[in-house]
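Hi everyone, thanks for making time for this. I'd like to walk you through one structure today, piece by piece, so please have it open in front of you.

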Amino acid sequence: MAKSILIIDDSAAIRQSISYILQQEGYATVEAGDGLEGLQKLDDAANFDCIITDVNMPNMDGITFIRKAREIPKFKFVPILVLTTESQGTKMNEGKEAGATGWIVKPFSADKLLAVVKKVAE
Amino acid sequence: MNEKFKETFREEAEELLGHLEDILLELEERPGDLELVNAAFRAIHTIKGSAGMFGFEKAGRFTHDLESVLDACRSGRKDVDKHLIDLSLRARDKIKALIAEDDSSAQFDAEALALMEEFRDSAAEAKPVEQRIEEPPAPKSATVKEAPRAKTKEALRSYRIHFEPARDVFHNGTRVLKLFDELAALGQLSSIPDVSRVPPLESLDPESCYVSWNSILTTSADIDAVKDVFIFVESDSKLRIDQLDTIDGDDSGPRKLGEILVDRGVVKPEDLGEALRSQRRLGEVLVERKVVTDSELQSALVEQAHLKQAQERQSEGPSSSIRVSSDKLDQLVDLVGELVTMQARLLRTSTDIADTGLSSIAEQLDRLVAQLRDNAMSMRMLPIGSTFNKFRRVVRDLSSELGKDVDLVTVGAETELDKTVIERLNDPLVHIIRNSLDHGLESPADRTAAGKPSTGTVRLAAEHSGANVVISVSDDGRGMNLTAIKAKAVERGILSPQDQLSEADALMLIFRPGFSTAQNVTSVSGRGVGMDVVKREIDSLGGSVSVESKAGAGSSIVLKIPLTLAIIEGLLIRVADEYFVLPLSVVEACMEATSSDTSNGTHLVRYRDDMIPFIDLKEYFAVPGAAPDGRQIVVVNVHDNRIGLVVDAVIGDNQTVIKPLGRMFRDAVGLSGATILGDGRVALIVDCMKIADSIPEREQKARAS
Amino acid sequence: MQPGSIKKTISLAGSYTIDRAGELARELSEALAHSPDLELDISGVVEFGLSALQILYAAASSAASHGGSLKLVGTAQASLCDNLVASGFAPTGPLSAGEFAARLPGFGKVAQ
């Protein structure tokens with residue numbers, strides 16, 4: 001069965017490109033534009049094998065999203081990757097404290113994205 | 001992917017930049033509004049993060065210092081003033097232009113450079129981030145490397161890895177065991193988990209991690225690749241990676257256990273010295289004295305074994321092995337066979353001459369010849385595993401063709417067998433496996449209905465048993481249908497309807513030529529050839545085939561094959577003036593035969609607490625001459641049936657080089673070959689299986705009761 | 001076995017990842033509360049995560065400290081074993097459950 005991945009980013013370009021790369025590799029993807037929308041997706045019956053979230057987003061940021069997601073029993077242990085940039089060392093640690101599994105540094109290539117997703121979600 | 005999403009990004013950036021303009025203008029009105037500063041930062045941050053992804057590296061680089069300045073503002077390290085807003089607005093226009101022109105040249109124009117300079121200065125003016133000490137390292141990018149390809153002899157390094165995950169590691173969604181799979185993908189890995197901290201169930205938090213590991217990895221990858229495996233967990237777990245000395249093949253032998261323990265800091269040198277003074281095994285002493293824990297000792301022992309193995313692998317690299325044609329190898333084995341025979345003669349002659357000097361030379365030569373023989377034979381021995389692997393493919397293809405789910409389980413792949421034997425086993429095994437899949441295993445639906453797991457299992461196992469290798473193919477299918485087998489045999493004219501057959505005999509019908517019970521002839525196995533070919537091939541290897549089957553639970557076919565076709569360990573015996581060799585592998589005991597044993601008319605003799613049938617080889621082979629007194633009985637065990645062979649004298653062990661029988665003897669029942677003795681005489685090799693087969697059923701029964 | 005206690009066999013099936021750790025720990029605690037002699041049929045297990053292994057170790061240790069034992073019975077599937085090879089918990093499978101248990105480093109000892 002195809003692994004299913006939730007992608008949360010306020011940039012449609014980033015979201016769509018991640019989605020595209022993952023779909024090429026046979027993953028099923030669901031997109032959300034911010035943390036709040038992401039949480040709504042978790043309320044659905046969906047089962048995600050991995051969640052990729054940006055940090056800085058309107059309405060609800062990625063860190064808050066992770067904290068809230070970890071409170072939902074079904075998503076307590078699901079791998080969550082944070083999209084970050086080199087300049088955001090603090091964010092990456094905040095992410096880990098909130099319960100993120102790892103991070104993807106922007107900008108990234110398709111190979112790098114896939115390598116990280118495979119590392120945590122396969 | 002860049003091109004595909006470039007347009008989306010451009011539109012998005014356009015929108016964000018429009019929004020940014022509004023924010024900046026509003027900010028000019030209310031410079032203290034943190035919400036606005038945050039929004040401005042977010043817009044720039046998004047643009048910067050995405051620009052690089054879609055080929056707008058220039059815009060990305062240009063934005064870098066602007067982002068830093070805005071970051072400083074939102075965390076209160078810098079104030080927003082008119083000048084900053086001016087600069088930001090100009091920067092916004094510049095970004096817009098950079099994205100619009102999509103210019104990939106490396107040069108910024110003067111205006112861009114001036115703006116960047118300004119932002120750099122402005123960022124430098126900001127107060128430094130507080131709590132500098134706790135500032136985490138910048139995130140490293142995780143590069144998950146592929147397993148190193150086997151390039152030209154790369155330098156292998158060994159790393160010792162101690163890994164103790166954080167107690168709450170599961171709560172980050174980390175799959176700890178997977179990290180070890182990543183390590184294993186880098187090279188050769190040995191891991192020892194330390195479970196000593198796992199508490200009893202009453203005090204266990206099932207969602208906490210209590211296990212730590214000591215691993216040794218030998219790889220051509222560098223230490224960064226090893227560290228990358230742990231990139232997401234290293235900040236909150238205990239991780240120590242040490243590179244061990246390079247293995248260079250001609251190193252001074254394996255490291256001592258004590259050195260490893262001291263090196264790891266587990267044992268103090270002075271403790272070691274003391275422990276070494278006792279004459280027992282170091283590890284035991286250290287554990288007993290509680291200097292090391294059992295797990296620490298185990299992991300050090302694993303390290304020792306691992307390094308030794310890695311060293312051996314390194315030194316037996318491609319340069320140290322050569323290809324030899326198997327003909328040459330066969331010639332060598334032949335010559336060694338002759339040599340063994342000559343040596344036996346030399347030994348006998350030297351005994352006759354009774355010259356101590358000569359005897360001592362003969363004995364030393366005897367040891368050398370034995371070593372040479374083992375060596376030559378071992379060159380032809382190959383693990384059967386390579387053949388087993390071929391069957392994986394067969395099973396995979398067949399199972400999809402037949403629509404059945406099948407797991408192939410192999411056991412004993414490391415079992416070594418003469419190369420020529422392995423080659424000749426290939427076809428028979430393919431036939432047997434095909435049969436198991438086609439006839440033996442049910443369809444998933446039938447299996448489920450029968451209360452079995454829907455996936456069937458075919459087990460392919462090899463093991464040494466004396467001078468033989470026993471290979472079995474078992475399935476957990478429906479078992480053989482005896483009624484169908486008998487009916488088919490009658491239909492094929494192999495059996496007459498009146499024949500009463502035991503279950504075992506009925507099962508053996510499947511090895512008769514032209515036998516096939518498949519209801520529908522399939523392309524897989526119902527072609528009427530197969531099992532008879534199997535039996536013929538195994539017979540010609542000097543082996544035997546047997547079948548076991550249990551209705552509903554599966555069946556298994558067992559092949560017993562001699563290890564080698566060339567030399568056997570034999571027991572030399574004499575009947576009148578004829579010499580015979582019994583394969584030592586089947587000999588269980590020798591005992592005196594009393595005349596009451598051999599002439600009580602029952603053809604049964606007491607052996608231990610049992611009555612076993614016996615055969616007088618003198619009668620069996622019709623050797624002329626009167627039977628002497630004080631004869632011997634050699635008890636042989638064939639397929640768990642014991643029989644006694646009555647002989648005139650047991651002479652002793654004998655290494656026997658098997659020579660095929662000449663045409664004249666080819667049909668002789670009960671003989672499988674001949675050999676030349678030390679004194680030049682010929683001895684015949686007895687085929688104990690054939691002789692056992694000739695025991696009438698009633699005696700088998702008598703034995704059983 | 002203690003007098004009056006009944007040996008219980010629990011069949012495990014499927015993937016025991018961290019999500020099911022709480023459930024597995026509860027099930028084994030309850031069973032051990034009835035009798036310290038427990039058999040686990042692991043034939044249906046496709047995967048043991050680290051959390052599940054820890055629970056097995058903990059349960060075996062508890063059983064032993066109450067004078068009983070936790071025995072693994074059935075067959076350890078190939079997929080189960082293969083997931084545990086690199087981390088040093090198992091050789092490549094399939095194996096009998098007894099062999100699987102025998103190869104788990106330090107399994108069945110009473111925790112200090």
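Let me start with a small puzzle: in E2(C), which residue is the bridge partner of Ser15(C)? It's Glu47(C). Before we go further, please keep in mind that this is a predicted model.

So, let's stay with chain C and look at the sheet around that pair. Three strands of chain C form an open sheet, in the order E1-E2-E3, and they pair in parallel. At the edges sit strand E1 (8-16) and strand E3 (69-73) of chain C, each pairing on one side only. If you ignore direction, neighbouring strands here are turned by 30° against each other on average. Between E1(C) and strand E2, residues 37-48 of chain C, there are eight bridges.

Two helices go with this sheet. Helix H1 of chain C, residues 21-34, lies across E1 and E2 of chain C and runs at about 175° to E1(C). H2(C) also packs on the sheet, where it touches E1, E2 and E3 of chain C, and its direction makes about 135° with that of E3(C).

Hold on to H2(C), because it takes us over to chain B: helix H2 (50-65) of chain C is among the elements covering the buried residues of H6(B). Helix H6 of chain B spans residues 176-186, and eight of its 11 residues are buried. Those are Val176(B), Leu177(B), Lys178(B), Leu179(B), Phe180(B), Glu182(B), Leu183(B) and Leu186(B). Chain A joins in too, with helix H5 (110-121), and chain B itself adds strand E2 (187-194), strand E3 (212-219) and helix H7 (223-229).

Next, a strand in chain B. Strand E11, residues 554-562, has eight of its nine residues buried, so it is largely enclosed by the rest of the structure. What does E11(B) pair with? Strand E9 of chain B, residues 468-475, runs antiparallel to E11(B), and seven bridges join them; Val470(B), for instance, has Lys560(B) as its partner. Strand E10 of chain B, residues 544-550, is antiparallel to E11(B) as well, again over seven bridges. There, Glu548(B) is matched with Ser556(B). E10(B) and E11(B) make a hairpin with three residues between them, and Gly552(B) in the turn has a positive phi of about 80°.

Now for two helix pairs, both in chain B. In one, helix H2 (residues 34-51) and helix H3 (residues 57-74) have axes that come within 9 Å and cross at roughly 155°. That makes H2(B) roughly antiparallel to H3(B), and their crossing is left-handed. Among the residues that meet are Phe41(B) and Ile44(B) from H2(B), and Leu66(B) and Leu70(B) from H3(B). The contact divides into 11 nonpolar, five polar and four charged residues.

In the other pair, helix H12 (residues 326-353) and helix H13 (residues 356-380) of chain B pack at about 160°, with axes 9 Å apart. H12(B) and H13(B) are therefore roughly antiparallel too, and the crossing is left-handed. The contact residues include Leu332(B), Val336(B) and Leu339(B) of H12(B), along with Leu365(B), Val369(B) and Leu372(B) of H13(B). How many residues of this contact are nonpolar, polar and charged? The split is 17 nonpolar, four polar and three charged.

That's my tour, thanks for listening!

Definitions and conventions:
Residues are numbered from 1 along each chain as its sequence is written. Chains are lettered from A and ligands numbered from 1 in the order in which they are written. This is a predicted model: local features need pLDDT of at least 70, side-chain atom pairs count only at pLDDT 80 or more; totals for chains, interfaces and linings use all residues. Axes are lines fitted to C-alpha atoms, for helices over the stretch in contact, and angles run from 0 to 180 degrees between N-to-C directions. Helices (H or I, at least four residues) and strands (E, at least two) are DSSP runs, numbered from the N terminus. Angles under 35 degrees count as roughly parallel, over 145 as roughly antiparallel, 65 to 115 as roughly perpendicular and the rest as oblique. A crossing is left-handed if the near helix is turned anticlockwise from the far one by less than a right angle, and right-handed if clockwise. Two residues are in contact if their C-beta atoms, placed from the backbone, lie within 7 Å. Ala, Val, Leu, Ile, Met, Phe, Trp, Tyr, Cys and Pro count as nonpolar, Asp, Glu, Lys and Arg as charged, and the others, Gly among them, as polar. A residue is buried if 20 or more other C-beta atoms lie within 10 Å of its own, exposed if 12 or fewer, and partly exposed in between; C-beta atoms are placed from the backbone. Two strands pair if DSSP finds at least two bridges between them.
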